[in-house]
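Please take the sequence and the model together, and follow the account below from the interior outwards, keeping in mind that the model is a predicted one.

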Amino acid sequence: QVQLVESGGGLVQAGGSLRLSCTAIGSIFSINTMGWYRQAPGDQRESVAHITNDGVATYADSVKGRFTISRDNAKNMVNLQVDTLEPEDSAVYYCAAWVQQSAGGGYSNYWGQGTQVTVSS
């Protein structure tokens, strides 16, 4: 089994920064794409940023220039540096990873438990 363990959420004032981290643990052969999603109350879960295993990053238009995704393949870790936060960024942030558990096996999608980010105005 695979677990994604997240950390780094919290309460911050508008204009502030946070660093979210997520580590995949368990039976892992390789990880393809890793990413972050967020969900505010009453809204659907939306994609924030993704990064491939060779470091190609993509971002939602709403966070471009403010958020930076990175990963450490040796540690099965993905980070999200969130800067210049706005109240509209308040949400539960979820880590996701597409994990291959054995050579020749397929990739399965796993999710973290979520970490709350609250931005006060």
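The largest nonpolar core comprises 29 residues, and among these Leu-4, Trp-36, Val-48, Phe-67, Val-78, Leu-80 and Tyr-93 touch the most other members. Contributions of at least two residues each come from E1, E3, E4, strand E5 (46-51), E7, E8, E9 and strand E11 (115-120), with E9 giving the largest share, five residues. In soluble globular proteins, nonpolar side chains tend to be buried together.

Two of these core members can be followed through their surroundings. Val-48, which is found in strand E5, is buried, with a relative accessible area of 1%. Leaving aside neighbours within four places in sequence, the residues in contact with Val-48 are Trp-36, Tyr-37, Arg-38, Thr-58, Tyr-59, Ala-60, Val-63, Phe-67, Leu-80 and Tyr-93. By contrast with these contacts, a separation of 13 Å lies between the C-alpha atoms of Val-48 and Asp-83, which are 35 residues apart along the chain. Leu-80, counted in the same way without its neighbours within four places in sequence, is in contact with Leu-18, Arg-19, Leu-20, Trp-36, Val-48, Ala-49, Phe-67, Thr-68, Ile-69 and Tyr-93. Trp-36, Phe-67 and Tyr-93 therefore appear among the contacts of Val-48, and they also appear among those of Leu-80.

The sheet comes next. Four strands form an open sheet in the order E1-E3-E8-E7, with antiparallel pairing. Its edges are strand E1 (2-7) and strand E7 (67-72), each of which pairs on one side only, and the twist from one strand to the next averages 15°. Strands of a sheet pair through backbone hydrogen bonds, either parallel or antiparallel. Within this sheet, E1 and E3 run antiparallel and are joined by six bridges, and Glu-6 has Cys-22 as its bridge partner in E3. Strand E3 (residues 18-26) also pairs with E8, again in the antiparallel sense and over six bridges, and here Ser-21 stands opposite Asn-79 in E8.

Which side chains of E1 point to the buried face, and which to the other? The side chains alternate along the strand, such that Val-2, Leu-4 and Glu-6 point to one face and are buried, whereas Gln-3, Val-5 and Ser-7 point to the other and are not buried. Leu-4, on the buried face of E1, is also one of the core residues that touch the most other members.

From the core and the sheet we turn to the charged side chains. A search of the whole structure finds five salt bridges, and a network of salt bridges links Arg-38, Glu-46, Arg-66, Glu-86 and Asp-89. Within that network, Glu-46 forms a salt bridge with Arg-38, the closest N and O atoms being 2.6 Å apart. The two partners differ in their exposure, because Glu-46 is partly exposed, with a relative accessible area of 36%, while Arg-38 is buried, with a relative accessible area of 7%. Arg-38 also meets the side chain of Asp-89 in a salt bridge, at 2.9 Å from N to O. Since Arg-38 lies in strand E4 (residues 30-39) and Asp-89 in the loop between strand E8 (77-82) and strand E9 (91-100), this pair ties together parts that are 51 residues apart in sequence. Asp-89 is itself buried, with a relative accessible area of 2%.

Another salt bridge is formed by Lys-64 and Asp-61, whose closest N and O atoms are 3.1 Å apart. Both of these residues, Lys-64 and Asp-61, are exposed.

Two serines complete the picture through their polar contacts. Ser-90 has its place in the loop between E8 and E9, and a polar atom of its side chain lies 3.0 Å from the backbone oxygen of Pro-87. A polar atom of the Ser-90 side chain also lies 2.8 Å from the backbone nitrogen of Val-119. Apart from neighbours within four places in sequence, Ser-90 is in contact with Ala-40, Val-117, Thr-118 and Val-119. Ser-30, found in strand E4, makes a polar contact through its side chain with the side chain of Tyr-107, at 3.2 Å. Not counting residues up to four places away in sequence, Ser-30 touches Trp-98, Val-99, Gln-100 and Tyr-107.

Notes. Residues are numbered from 1 along each chain as its sequence is written. This is a predicted model: local features need pLDDT of at least 70, side-chain atom pairs count only at pLDDT 80 or more; totals for chains, interfaces and linings use all residues. Side-chain values use heavy atoms; hydrogens and water are left out. A salt bridge is a side-chain nitrogen of Lys or Arg within 4 Å of a carboxyl oxygen of Asp or Glu. Buried means under 20% relative accessible area, exposed over 50%, partly exposed in between (1.4 Å probe, protein chains only). Two strands pair if DSSP finds at least two bridges between them. Axes are lines fitted to C-alpha atoms, for helices over the stretch in contact, and angles run from 0 to 180 degrees between N-to-C directions. A polar contact is a pair of N or O atoms within 3.5 Å; within protein, one must be able to donate a hydrogen and the other to accept it, and residues adjacent in sequence count only if both atoms are side-chain atoms. Contact means heavy atoms within 4.5 Å. A nonpolar core is a set of buried Ala, Val, Leu, Ile, Met, Phe, Trp, Tyr and Cys residues joined through side-chain atoms within 4.5 Å.
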